[in-house]
Amino acid sequence: MVNYKKGLVLGATAAVLTAVAVTGAGLRLSRSFAYLEDNPKKLVDEVWQVINDTYVDATFNQVDWLAVRQEYVGESKTYGTKEEAYKAIREMLEKLGDPYTRFMDPEEFKNMQIDTSGELTGVGIQLTKDEETKELTVVAPIEDTPAFEAGILAKDVIIKINGKTTEGMEVEDAVKLIRGKPGSKVTLTIRRTNQEIDYPIVRARIELHPVKAQVKETPTGKVGYIRLTQFSAHASEEMRDAIREAEAEKVTGYILDLRSNPGGLLYSSVEIARMWLDEGRIVSTVSRNGELEAQKATNRALTDKPMVVLVDGGSASASEILSGALQDNDRATLVGTKTFGKGLVQSVRRLGDGTSGLAVTIAKYLTPSGRDINKQGIDPDIVVELTEEQRKDLQQERDKIGDFGDPQFDQAYEELKKEIAKSGATNARGAMR
């Protein structure tokens, strides 16, 4: 997910690594051409300068960044090896208190640079480091993966990996422990509320199909149900096909399910929003110097039928961009629970030694009405909480997800019925004129 595609910034999930995705609502990749392999101090200086020039907060989170430069790049400071420089860079970035601004050594940077072909190797979870507690927290398990089948849930805190404590552990270090060959086993110890639970999980090669769609026969007529599990490279194409097939079936409305969708490619979320919206803003990117760019609808909506969107705490980044755009443009009613709350843009660049990399928070995403997604999340119009028992039931019997008997789906359908009725009444009045 660290390549330019279609001229847009990539990814509401910063990268789908073998076992995790480091959540970030956008990625840019640039290349520093200075070759610094033989001068480790210049590498530290380069990182300091990048932060100084591009970091989203001009106060550097209330850190005296000039004093940091003196501490790590002052005249008397020397570094004998790149490894010493790497350690200094990590210490320097730690002062910002931003888990998304991070240094990647050559191995970590290589792991970051995978494409979005829709195949993973690992257990299938998206992981982030909580900005306040500094704990490794599950954004969401990817549906139909070993982690999902084992029972891992959004918001679970991973406290041990194969018995090793994760206290103070960086996401990249967790990746190294969680990933491994298909068929091998890893044990994740998670904390959920006041419980600690061990989950032995067998790693696997995972082929992802981001869109699952069906037309449901209901008392209201045919309803299109579309579940989007990830904003991958193929998601917009599959979504377009799903909508067109539903339209051919003459559905009366749609339920779009974004629950436990951790994000993916930004351009994918924008393209999908344009399938539902004829006009209006979709998302804007704002840096410390003001708005960088805004994405808008382009009068290419595939349908104007009533729709309801399902969201929950595992709906993150690109899911929040899409659901926020549909809500702010009065295109859809949101049902479920508050979304995850990840709306920062990371710039990912190769550093001058040619092998290491740096992710820097350079901007944030705002919904069309100007809402800041980060930490706030998107509040649904209708809140439907699931009990722990209901969540486990849906994971154990996945056929219930997105069907009658799924409490959030049931409420979404009830709301859709009202919207369809209102739409029918409006159309009838228009015809009488």
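How many bridges join strand 16 to strand 21, and do the two run parallel or antiparallel? Keep that in mind as we walk through this part of the structure, which is a predicted model.

Let's begin with strand 16 (281-287). Four bridges link this strand to strand 21, and the two run antiparallel. If you would like to find one of the pairs by eye, look for Ser287, whose bridge partner in strand 21 is Ala363.

Strand 16 also pairs with strand 17 (residues 290-296), again in an antiparallel way, through six bridges. Here you can look for Arg281, which stands opposite Lys296 of strand 17. Strands 16 and 17 form a hairpin, with two residues between them. Strand 16 is mostly covered, as six of its seven residues are buried.

Now let your eye move along to helix 9, which spans residues 318-328. Of its 11 residues, 10 are buried, so the helix is largely enclosed by the rest of the structure. Among these buried residues are Ala318, Ile321, Leu322, Ala325 and Leu326, and Glu320 and Gln327 are buried too.

What do the buried residues of helix 9 pack against? Strand 16 and strand 21 (357-366), which we have already met, are among the partners. The others are strand 15 (253-257), helix 8 (266-276), strand 18 (307-311) and strand 19 (333-336).

Our last stop is Asp330, which follows helix 9 and has a positive phi, near 55°.

Key:
Residues are numbered from 1 along each chain as its sequence is written. This is a predicted model: local features need pLDDT of at least 70, side-chain atom pairs count only at pLDDT 80 or more; totals for chains, interfaces and linings use all residues. Side-chain values use heavy atoms; hydrogens and water are left out. Buried means under 20% relative accessible area, exposed over 50%, partly exposed in between (1.4 Å probe, protein chains only). Contact means heavy atoms within 4.5 Å. Two strands pair if DSSP finds at least two bridges between them.
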